[in-house]
Amino acid sequence: MPKILVVSVLLFLINSFAFAQTENYSAPVNWQRYKISESAASVLFPKPPVKLNISNSCEEREGSVYSAYAEEVVYKLVAHSKSKEKIPKYCTEKIKFGEKTLSRIIQQTKQRLGDDETAFTQSERKITKFSSETETIWIFDDLKNGGIYELSIHHRSDKKPDGSRFVESIDFKRDADGIEIGSGALRTLGDPGEVKDPFSGGVGSDSGQSADANKNQPESLVSQKTDSTNPAKVETQPLAIVTKPKPGYTDGARNADVQGSVTLRVVFLANGGIGSISPVKTLPLGLTEQAIAAAMKIAFLPQKRNGVPVTVVKTIEYKFSIY
């Protein structure tokens, strides 16, 4: 088979994979209890959350991040626990998981959000709360059971959501009823309602631009609302990415020493969901698919124009390096 034909077939399959993941962009807001498979904790989420794994081998720490979008708010839970692996010898600073881990998390949060700090006790667990104009985070000390938990809500400065239902719902009973999160949702789901994705199924954009017109404008605004009384007056609140998962390496790519970057065109829908994803620059042996899977789980606050959420298209780059 000619080389050019092989490349064409591969690109077709990659694009088919990308569009196959775009059939369901939204889910109704339905607060339900979800259980963390790796621990005893459970919490209410407004939708099935996406999951990404985190680790810090030099701090003997591993865990997971769970996030879900609903009504212009991103709800996030970070669960930290002791790593099952020994601290590597190459670490210049070795920190055992425990009180020092908790102190570092609190200090890092303080540096990021400022001095608006409150400490209190709930159900025999110490909680440290930090607040800023766009984020509130509660850090739960559950070290007696081997865990540290961070619950947070992320929002625009002009929106003041009540996070009490979310934070007060956390439960540390192992026999608590709830839905097992497992590997989590495949993608970040937006709110219900008609939202047009210009790159999915040939649906046009609200602004009247065609998908083809936007393909050469990776940072283009796809859907927008303007002030008809004063078209020149446009106030924009940029897209805010809350979590951006890292893609994993495939064994085949690692064994073949494949390195480089994958560039994707991602539709960030006005309803808070990740829309269609199409590759711009690819890598072989499953790395493009890994990047697409990671991009599908980005949690974000939609861009706003004159106070109205809009759909935008942006290019996202993922770098793959073995060393």
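This is a short talk on one small sheet, one buried lysine and the nonpolar cores of a predicted model.

I'll start with the sheet. Strand β1 covers residues 32-35 and strand β2 covers residues 42-45; they run antiparallel and are joined by four bridges. Six residues lie between the two strands, and together β1 and β2 make a hairpin. For the register, look at Q32, which stands opposite F45 in β2. Then take K35, whose bridge partner in β2 is S42.

What else does β1 pair with? Strand β10, residues 179-180, in the parallel sense and over two bridges. There, Y34 has I179 of β10 as its bridge partner. Put together, the order is β2-β1-β10, an open sheet of three strands with mixed pairing. β2 and β10 are the edge strands, each pairing on one side only. As a reminder, strands of a sheet pair through backbone hydrogen bonds, either parallel or antiparallel.

Next, the lysine. K51 sits in strand β3, residues 50-56. Is K51 buried or exposed? Its relative accessible area is 12%, and the cut-off for buried is under 20%, so K51 counts as buried. Which residues does K51 touch, leaving out those up to four places away in sequence? The list is E38, S64, V65, Y66, G182, S183, G184 and K297. With G182 there is a polar pair: a polar atom of the K51 side chain lies 3.4 Å from the backbone oxygen of G182. Also, K51 and A68 are 17 residues apart along the chain, and their C-alpha atoms are separated by 9.3 Å.

Now the cores. The largest nonpolar core has 25 residues, and F45, F140, Y149 and L151 have the most contacts inside it. We met F45 already, opposite Q32. Which elements give two or more residues to this core? They are β2, β4 (61-70), β5 (73-82), β8 (135-142), β9 (147-154) and α3 (164-167). Of these, β5 gives the most, with four residues.

Y149 is worth a look on screen. Setting aside neighbours within four places in sequence, Y149 is in contact with I36, S39, A41, L77, V78, A79, W138, I139, F140, D142, I170 and F172. F140 is thus on that contact list, and F140 is also among the residues with the most contacts inside the core.

Apart from the largest core lies another one, of 24 residues, including L239, V258, I274 and F300.

That's it from me.

How values were computed: Residues are numbered from 1 along each chain as its sequence is written. This is a predicted model: local features need pLDDT of at least 70, side-chain atom pairs count only at pLDDT 80 or more; totals for chains, interfaces and linings use all residues. Side-chain values use heavy atoms; hydrogens and water are left out. Two strands pair if DSSP finds at least two bridges between them. Buried means under 20% relative accessible area, exposed over 50%, partly exposed in between (1.4 Å probe, protein chains only). Contact means heavy atoms within 4.5 Å. A polar contact is a pair of N or O atoms within 3.5 Å; within protein, one must be able to donate a hydrogen and the other to accept it, and residues adjacent in sequence count only if both atoms are side-chain atoms. A nonpolar core is a set of buried Ala, Val, Leu, Ile, Met, Phe, Trp, Tyr and Cys residues joined through side-chain atoms within 4.5 Å.
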